[in-house]
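Let's walk through this one together, as a learner and a teacher would. Have a look at the structure first.

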Amino acid sequence: MTGNSSTHRLPSYLEYQGKYTGIRAWILSTDHKRIALLYLYSQIFFFLAGLVMGLFMKLELIAPGQQIMGPQAYNALFTVHGLTMIFLFIIPGLAASFGNFMIPIMIGAKDVAFPKLNLFSWYLFIAGAVIILVGIFSGDGPPDTGWTFYAPYSLKTNTNVVLSVFGAFVLGFSSILTGLNFIVTIHRMRAPGMGFFRMPLFIWSLYGTAWIQLLATPVVGITFLMVVADRMLDIGFFDPAKGGDPVLYQHLFWIYSHPAVYIMILPAMGAITEIIVTFSRRTVFGYKAIAMSSLAIAFVGYLVWGHHMFTSGMSETARLVFSFLTFLVAIPSAIKVFNWTATMYKGSISLEPPFWWAMAFIFIFMIGGLTGLILGSVSTDVHVHDTMFVVAHFHYIVFGGAGIAFFAALHYWYPKMFGKMYNKKIANWGLIGLFVGFNTTYLPMFFLGFMGMPRRYYDYLPQFADLNLLSTVGSWIMASSLILVIVNLLRAKKGTPEEMDDPWGGRTLEWTIESPPSLENFEEIPVIDREPYELKSK
Amino acid sequence: MSEHKNHISTYKSQIVVLFVLILLTVLTVTITSVHLGPFNTAAAMLIASVKATIVLLYFMHLKFDEKIYRFMVILVLAIYAVVIIITFFDYLYRP
């Protein structure tokens, strides 16, 4: 492969002086890397806001009885915590930040196919966030429905549901346009010689994700508009008294929201693949199997939504069909895990922080995945449905999976994005703290769920007290470690730039250009004449 | 990547398509006065599908574009169909 062979360095995208200066150079920039950072900073801000809300919830649950808030405040808090974490942090997830930054670079392009649309997507993202925020602080108070807005309660509550669902509707458009942009970029802008099977696997995972964003998000958009129409025009889509069906809401909501789990996790799996390959110093095991498993997860992920509805009154036949399809989706997920393990086998593993983060991901994600089988099986799901078990499983997948992968990717690509290195020792200690804190917070919830503690209550019976106390203490360890991790990265940003075009010995295209990259990434578009993970000849 | 050639439709073909669409619209309206029971809805859906296909093929140029786009559209419609079918596993089998 011919990369950038010139020795002189162009001004990086961080130094480049365009038409605008100051903040305008950022919020009016159509450079995919600056837009990626806009997403990254916004997402981390919303993540921290969601984290604070989560801490307050755990504090309320430290002991039975009312501690710091009553039932209404608790209901609003878990709703807004869910809305923030799901719609503002983890659905944009790795795709909006790292996808935006890395897709053009990893396929050898200068930018995405539609740079202005890319910036517009970020504006829609912020507009959606502002609408949700206004919904929280205006009208009759923040919504108390849970982030799922289930009918018929979402039609009856006096809280500010309309603004919140409208905010989520706007966020959906941001997601759709980003997906569209990525699909066109991947199809049309690959460097000469880069066939589909020479793309890095992170790009494959983003390709699958983009299709889900494009095809599933409109469904939830329409569903949210139906809720607005039901509330404001009293149509009765979901009201049995008017011929509607509340279970229809659940179908429509989960037709999007289950694939949305794959919007969160697929890019995470892609980033983990990149990390494992780089630090194993081996070529990837089963390239095509991993690439195809991304598409298989995206496809089968469309057909399993009913496992969220086993106790909703759905027909017995549908429950069996959905249970069967749910087990199918475990196959492509397992293909990935086996291939990661096989890639590491007999590798010359380099124990750098991103690798440890990737290992934490696999460990936690496996617990999340295997407990998912309990929920995917109708008979066991009936027992633990709507208990803390579901909350634990969900956090193991979404936070322990996608969230930890987000930080793994940040530690992996940080030197490329900023041309600086963080303190590796602190990064490792931060991970150890997070790992201990995470498991102390969420593992007890599995047991609480089995014991019968329902989710979404501010109070509980005395027999659940010990495990809840342990979980709350875990949340403090977890939050302190996260602060340590973020402060470490922020401190590194203030440090002096170092020469680190390829600090990890990576083999994909981003490691052939300077760190941080120049405005147009490549002085000359590279010609690809080798496989993506081929070892460099010395 | 190969250079893409633009296909320019003739006025004649555009007008023929327009007339076919108008004809099918008239047919949709006319068929409502014939009592076919539940098949009235099916007929309306069928005609609408034919119209949508014609629009996709001619006005949106699927017929003249690379095969990959036709494949993408068919795939999307197939997923949509499967989603509807699975949903009906609930509605058709409820006690």
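Q: Where does Gly139(A) sit, and what is its phi?
A: Gly139(A) comes just after α5(A) and has a positive phi of about 60°. Helices here are DSSP runs (H or I, at least four residues; strands are E, at least two), numbered from the N terminus. Before we go on, keep in mind that this is a predicted model: local features need pLDDT of at least 70, side-chain atom pairs count only at pLDDT 80 or more, and totals for chains, interfaces and linings use all residues. Residues are numbered from 1 along each chain as its sequence is written, while chains are lettered from A and ligands numbered from 1 in the order in which they are written.

Q: What span should α5(A) have, by its residues?
A: The expected span is 1.5 Å times one less than the number of residues. For α5(A), residues 115-137, the 23 residues should span 33 Å, and the end C-alpha atoms are 34 Å apart, which agrees.

Q: Which residues of α5(A) are buried, and what do they pack against?
A: Buried means 20 or more other C-beta atoms within 10 Å of the residue's own, exposed means 12 or fewer, and partly exposed is in between, with C-beta atoms placed from the backbone. The buried residues in α5(A) include Asn118(A), Trp122(A), Phe125(A) and Ile132(A). They pack against α2, α3, α4 (93-106) and α7 (161-188) of chain A; contact means C-beta atoms, placed from the backbone, within 7 Å.

Q: How do α2(A) and α3(A) cross?
A: Axes are lines fitted to C-alpha atoms, for helices over the stretch in contact, and angles run from 0 to 180 degrees between N-to-C directions. The axes of α2(A) (32-60) and α3(A) (71-90) come within 9 Å and cross at roughly 155°. So the two are roughly antiparallel, a label for angles over 145 degrees (under 35 is roughly parallel, 65 to 115 roughly perpendicular, the rest oblique). Their crossing is left-handed, meaning that the near helix is turned anticlockwise from the far one by less than a right angle; clockwise would be right-handed. Among the contact residues are Phe46(A) and Met53(A) of α2(A), plus Leu77(A) and His81(A) of α3(A). By class, the contact has 13 nonpolar, 5 polar and 1 charged residues; Ala, Val, Leu, Ile, Met, Phe, Trp, Tyr, Cys and Pro count as nonpolar, Asp, Glu, Lys and Arg as charged, and the others, Gly among them, as polar.

Q: What about α8(A) and α9(A)?
A: α8(A) (201-233) and α9(A) (246-280) have axes that come within 8 Å and cross at roughly 165°. That crossing is left-handed, and its contact residues divide into 21 nonpolar, 9 polar and 1 charged.

Q: How many residues of chain A are in contact with chain B?
A: 12 residues of chain A are in contact with 11 of chain B. On the chain A side, α11(A) gives the most, with 4 residues.

Q: Which backbone oddities should I look up?
A: Most residues other than glycine have a negative phi, and most peptide bonds are trans. Here a cis peptide bond joins Ala151(A) and Pro152(A), with omega about 5°; the one from Ser515(A) to Pro516(A) is also cis, with omega near -10°. Asp386(A), not a glycine, has a positive phi of about 60°, and is partly exposed with 13 C-beta neighbours inside 10 Å. Asn521(A) has a phi near 65° and is buried, with 25 other C-beta atoms within 10 Å.

Terms used
Two residues are in contact if their C-beta atoms, placed from the backbone, lie within 7 Å.
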